[in-house]
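Q: Take a close look at one part for me, please: the stretch where confidence in the chain trace comes into question. After that, carry on from there through the rest of the model.

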Amino acid sequence: MKKLILILLGCLAFACENIIPEPPAVDEILDGPIDGLNSSEQARFLAGDFAFNDEVFSSGTGLGPTFVATSCGSCHAGDGKGHPFTTLTRFGQTAPNTPPNLLIGGPQLQNRAIPGYTPEILPEGTPFMKLTPPAVTGLGLLSALTDEQILTNADPYDLDGDGISGVPNYVNPPAYFVPKWFHQDANGRYMGRFGKKAATIDLLQQTVSAYNQDMGITSTFEPVDPFSGLEVDQEVSDQTVRDVVFYLRTLKAPIQRSQNDQQIIQGKTLFSQIQCGDCHTPEWTTPTSDIVALSNKTFFPYTDLLLHDMGPGLDDGVTEGSAETFEWRTPPLWGLGLSPNSQGGSYFLMHDGRASSIEEAILLHGGEANSSRTKFESLSAEDRTALIRFLESL
Amino acid sequence: MKKYLFLPVFLFALVANAQIDSTLLKRVPVDTSYTRAMNMDAVYNRPFLQIGNLPASIGGYVEADYQYMGQDGITEGHSFRIPRFTLFVASSIHRKIKFLSEIELEEGGKQISIEFAALDLTFHPLLNLRGGVVMNPIGAFNQNHDGPKWEFVDRPIAMTEMLPATWSNVGFGLYGKYYSKAWAFGYEAYLTNGFDNSIISNNQNKTFLPAAKENALRFEESSNGQPLFTGKIAVRNNKVGEIGLSYMGGIYNRFEEDGLVLDAKRRLDVLAVDFNTTISATKTYLVGEWAWVLVDVPETYSQQYGERQKGGFVDIVQPILRGKLAGFDKAVFSLACRLEYVDWNVGSFEETGGNISDDLWAVVPAISFRPVSQTVIRLNYRYMQQQDILGNPPAKIGGVQFGLSSYF
């Protein structure tokens, strides 16, 4: 008996070394703060993390009554790309620079309702676009860029003749928008940089709008309930909204994996050679920011944050701001290879999740990306694999 | 004024303490009717202590534990808890009328709840009337949940969070037993207050029956005027073991108020199977339970809230040493293992046809030492994986738990 107890205690002592399950590799997960936050910023990050990932709204805490999702984390599991389960449907604006038709329920469909209520139904024959939730990592770095930096890549009239234009989406700011030093006023409009159509100027607007349109949660910023169209008491505090914005600003950027792998290096070269990088701009550097950890950082999001004509195949007949219906903002490619970890093991790529693989997504590129797509199609199988592996490593 | 009140109370307490004579405390003899006890007898099959000739006997149990747990490499560190401290008071008003209450203080008194407070009237062994706060006999664990009876620090998740435990309500019902040689048959049937809308509208982001426990008003009135039926039948063979089949169901939502229709009537149905047996050759004790939950969730609500759930657990307990150990005459040292599984949302996504995950499984190897049958010291290692609704890579949770639990 004593021997048995000794063996058991020995096993336990051994087990103590490995009691807690191993953490996943830091480059395999998207969540976590950027390096360099001080202790008060870390505390604020945690508060935002809780509000974003753990706070669930119910009918008792203001959900809906019509809504799309019950929490931020429902759409952005692990801060990554979302699943068709929480895809948004937008409608009501069919031409650039026209106001969304709010009379038919736009700009967003609230396709779910709490018990006892009827969800919104898309008016018959109305054009609409489906939008799969994007990853939210690294947004602070993108938000720290100046309008001037982004406009450096704009070429609305394709003056350089490369077939690629790149235009900003100028949108009317919400009443609560306070321009920062790096925003440029364009006759009362401002350049959007977030969202599939780049129709959102900053992360406060993104957060407030998501609370309101996705969850039916009102705030002092957006006090109108999307179901009744009436102003109601705020259902999320200003502090919580600000904490979530801070969380989004300070989430780390995805970390590229296997950077020294020869095939991935070859894929990176091909990415540049077939001109994917002309829109998916690899590298940016932030100016000085109010958050020290975001200041003067070079990062690799693979986006130019501008709109591009993507061809008739991706024209849903609906738009936002000054974007044409066939124009889409270049989505960041960082974190692309980790998408299945937040999309339930599969890829749901492009703006509406229609592509189930990276290769399929490339082949769906049209318009300004025709040339790059054709070059991709003409690559050897080996080169295609290298390019895909590079994209998966991001 | 408080000072003047405090003084006499304090003096009285001193005198009262001085008057307690331990020789007056006597163990209530074990009720021989429980030598062939079934799960349904669990509320009375507990040790009690009687003080002198007082008509009431008292008892209870306490649990205290330590844990060092972590998820995906991150730990909250060392934690000590007193998850529950429970008091029983029982009284025989007549040989055929008895009363028992169970009051539980959870998490150091953060929650105080009446888990059981019922009067039992026996007309015939097959016909007993029970009324008051009763524990709905769904599965076995809800009625047989006392900490000292188990070799594990944590309660099984499926039987405490999928099925709510301890789930008790105000109501009335009948129960009875019939014995024939090595066989015993028992039944229970109750009508009680029930659930409410919170089971599909809560901060857990899933169909969560225990959310209804937050509504303390359920002890005063039904949330919707519709009784919840809970029934169970069980068969026991002294050589084979016991198997129980139970059902709980009714309208859960508030569909009407002040004569105005708020929603359609929506049902909740729960089915559970439980068993326990001892393999006589090895003295291996096996106990398990499995349950299915069906909830009418509005089609236009979120699939986050599942219409179907399933889950259960199996405990395997192998005594490896019995006898005189560390100064205790009838000590038992056991190895044990618990296997758990819960699927919070059985079904597939309308949008993709893919499986809805939202599930977990756990393996809990354990060592337990019972110096006496009413006291257990247990050391567990818990390893658990849980997936979100989309089926993304699971969160891995693990750690050590050590605890004491004893009747007193």
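A: Residues 29–35 of chain B have a pLDDT (the predictor's confidence in each residue, from 0 to 100) that stays under 50. For this stretch, the model has seven contacts beyond four places in sequence, a contact meaning heavy atoms within 4.5 Å. This is a predicted model, so to speak of local features we need pLDDT of at least 70, and side-chain atom pairs count only at pLDDT 80 or more, while totals for chains, interfaces and linings use all residues; side-chain values use heavy atoms, with hydrogens and water left out. Residues are numbered from 1 along each chain as its sequence is written, and chains are lettered from A and ligands numbered from 1 in the order in which they are written.

Chain B as a whole averages a pLDDT of 89, and 91% of its residues score at least 70. Confidence in chain B is lowest in helix H1 (residues 2–19), with a mean of 43, and highest in strand E15 (residues 284–295), at 97. Helices (H or I, at least four residues) and strands (E, at least two) are DSSP runs, numbered from the N terminus. Over residues 1–20 of chain B the pLDDT is below 50, and this stretch has zero contacts in the model beyond near neighbours in sequence.

Now for how the chains meet. 39 residues of chain A are in contact with 44 residues of chain B. About 2900 Å² is buried between the two chains, and carbon and sulfur atoms give 70% of that; buried area is the accessible area (1.4 Å probe) that two parts lose on being put together, summed over both. Ile20(A), Pro21(A) and Phe85(A) supply 21% of the area that chain A buries against chain B, more than any other three residues. The count between chain A and chain B is one salt bridge, defined as a side-chain nitrogen of Lys or Arg within 4 Å of a carboxyl oxygen of Asp or Glu. That bridge pairs the side chains of Arg112(A) and Glu351(B), at 3.1 Å from N to O.

Over all chains, the structure holds 30 salt bridges. One of them joins Glu28(A) and Arg257(A), at 4.0 Å from N to O. Glu28(A) sits in the loop between helix H1 (2–16) and helix H2 (39–53) of chain A, and Arg257(A) in the loop between helix H7 (238–250) and H8 of chain A, so the pair ties together parts that are 229 residues apart in sequence.

On to the helix packing in chain A. H2(A) and H7(A) pack at an angle of about 105°, with their axes 7 Å apart. Axes are lines fitted to C-alpha atoms, for helices over the stretch in contact, and angles run from 0 to 180 degrees between N-to-C directions. H2(A) and H7(A) are therefore roughly perpendicular to each other (under 35 degrees counts as roughly parallel, over 145 as roughly antiparallel, 65 to 115 as roughly perpendicular and the rest as oblique). Among the residues making this contact are Phe45(A) and Phe52(A) of H2(A), along with Phe246(A) and Tyr247(A) of H7(A). The contact residues divide into eight nonpolar, five polar and five charged, where Ala, Val, Leu, Ile, Met, Phe, Trp, Tyr, Cys and Pro count as nonpolar, Asp, Glu, Lys and Arg as charged, and the others, Gly among them, as polar.

Helix H8 (residues 262–273) and helix H11 (residues 381–393) of chain A cross at roughly 95°, their axes coming within 7 Å. H8(A) and H11(A) are therefore roughly perpendicular to each other. Residues meeting here include Leu270(A) and Phe271(A) in H8(A), and Leu387(A) and Phe390(A) in H11(A). This contact divides into seven nonpolar, five polar and three charged residues.

Last, some backbone oddities. The peptide bond from Gly64(A) to Pro65(A) is cis, with omega near 15°, and Pro65(A) lies in the loop between H2 and strand E1 (66–67) of chain A. Another cis bond joins Gly106(A) and Pro107(A), with omega about 5°. In chain B, Asp72(B) has phi near 50°, a positive value in a residue other than glycine.
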